[in-house]
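Welcome, and thanks for having your viewer open. Let's take a short walk through this model, one selection at a time.

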Amino acid sequence: MFRIYAAPLNDVDVENWPVATDATITENVLKEGKKFTYVDSTSSSINPSAAPGESPLNGILTLTPNIEGISPQSLQWIYENVGEDFVVVWVRCIDNQKFIGGSPCSSGLRLTYTNIGALDGGIGGIALQFQGQECPEPFYFYNPTEFPVEEDTPSNP
């Protein structure tokens with residue numbers, strides 16, 4: 001199971017994107033003073049997947065989190081951010097291992113929603129999708145010394 005954090009691509013220091021060592025980024029990728037926002041999704045719904053692109057050398061990263069329930073704040077956050085590009089960090093809950101996708105190579109991960117209302121399993125909520133473009137390295141391990149996160153979440157402020 002996973003937790004997910006997102007930052008608009010505009011908040012990312014794309015000019016100084018760190019070089020990965022052993023498929024791991026060890027530096028904060030955000031501009032000074034910027035923070036990731038926790039997206040309060042069901043931990044079993046994130047389903048990270050990097051599928052092959054048209055080129056056999058590239059992959060396309062897709063994350064599919066579901067926000068359980070609909071609040072005015074979560075719906076407004078979706079409406080304000082749909083179509084925007086993000087860098088997304090997801091954390092494997094069992095061992096706290098972080099992964100990051102949406103590097104400048106993939107032009108960020110584009111936020112869309114696939115459903116607002118009744119979701120699979122009979123719960124109400126918002127089904128999201130974060131998807132990148134083709135990139136040779138669709139995601140990395142993420143082990144920064146600093147991981148700044150907003151106090152409030154868009155789906156549960």
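Begin by selecting Pro72 and Glu80: both are exposed, on the other side of helix H1 from its buried residues. Keep in mind as you look around that this model is predicted.

Stay with H1, which spans residues 72-81, and now pick out its buried residues: Ser74, Trp77, Ile78 and Asn81. They sit on the same side of H1 because they cover an arc of only 100° around the axis.

What do the buried residues of H1 pack against? Show strands E3 (37-39), E6 (66-68), E7 (85-92), E9 (109-118) and E10 (124-131), and you have their partners.

Before leaving the helix, click on Gly83, which follows H1. The phi of Gly83 is positive, near 90°.

Next stop: the cysteines. How many disulfides does a search of the whole structure find? The search turns up 1, formed by Cys105 and Cys135, with sulfur atoms 2.1 Å apart. Select the loop between strand E8 (97-101) and E9 to find Cys105, then the loop between E10 and strand E11 (139-142) for Cys135; the pair therefore ties together parts that are 30 residues apart in sequence. If you check the torsion about the S-S bond of Cys105 and Cys135, expect about 125°, so this disulfide is right-handed.

Now colour by accessibility. Cys135 is buried, at 0% relative accessible area, while Cys105 is partly exposed, at 37%. Finish on Cys93, which is partly exposed with a relative accessible area of 40%.

Key
Residues numbered from 1 in each chain as written. Predicted model: local features only at pLDDT ≥ 70, side-chain atom pairs only at ≥ 80, totals over all residues. Heavy atoms only, no water. Buried < 20%, exposed > 50% of the residue type's maximum accessible area, 1.4 Å probe, protein only. Helix = DSSP H or I, 4+ residues; strand = E, 2+ residues; numbered from the N terminus. Arc of directions from axis to C-beta. Contact = heavy atoms within 4.5 Å. Disulfide = S-S within 2.5 Å.
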